[in-house]
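The following paragraphs describe how the strands and a helix of this chain are arranged. Please keep the structure in view while reading.

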Amino acid sequence: MSTIFSKIAAGEIPSYKVAADEKHYAFLDINPVAPGHVLVIPRKEVDYIFDLPEQDYLDLMAFARRVAKAQQKAIPCKRVGEAVIGLEVPHTHIHLIPINTEADMNFSKKVELTAEEMTRIASAIADKFE
Ligand code: 5GP
């Protein structure tokens, strides 16, 4: 069985890609709580992040750190907030959200962005990814 996020990482479902390597994929959340809200996933299908083998968990965190540094360069913000919820999609994912205040991490409040804005934001983050 393949999760929706595995299909996204495989390119079978479109996404606003920001970064990838052989073990990870990062893309814009389709329903962002702030501009530049990114999801980082391991390609390996594990539902719950704390069930990942330790090295996979550490590799995911290291990859997310690189993505956060790219977001910080591409999007004006004080910090990049990191959160794990995982109640909706049964495939480990980390939320990375550019924030200026604590209220920007509010998952009940979404922002509306056009496809053009999403494309521009994804490309700006991708350009800064190292
Ligand atoms: P969680 O599982 O952490 O509660 O939330 C899952 C997150 O995945 C939500 O923020 C939701 O907007 C995002 N999401 C769900 N389906 C898709 C999708 O098909 N594409 C993208 N880019 N994001 C998705």
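Two strands are taken to pair if DSSP finds at least two bridges between them; strands (E, at least two residues) and helices (H or I, at least four residues) are DSSP runs numbered from the N terminus. The model is predicted, so local features need pLDDT of at least 70 and side-chain atom pairs count only at pLDDT 80 or more, while totals for chains, interfaces and linings use all residues. Residues are numbered from 1 along each chain as its sequence is written, and side-chain values use heavy atoms, with hydrogens and water left out.

An open sheet of 5 strands follows the order β1-β2-β3-β5-β4, with antiparallel pairing. β1 (17-20) and β4 each have a single partner strand and stand at the edges, so one side of each lacks a neighbour in the sheet. From one strand to the next the twist averages 20°, angles running from 0 to 180 degrees between N-to-C directions of axes fitted to C-alpha atoms, for helices over the stretch in contact. Helix α2 (residues 54-74) packs on the sheet and touches β1, β2, β3, β4 and β5, where contact means heavy atoms within 4.5 Å.

Strand β5 (residues 94-99) pairs with β3 (residues 38-42) over 3 bridges and with β4 (residues 79-83) over 5 bridges. In β5, 6 of 6 residues are buried, that is, under 20% relative accessible area with a 1.4 Å probe, protein chains only (exposed is over 50%, partly exposed in between). Ile94, Leu96 and Pro98 point one way from β5, and His95, Ile97 and Ile99 the other.

His24, in strand β2 (residues 24-28), counts as buried because its relative accessibility is 4%.
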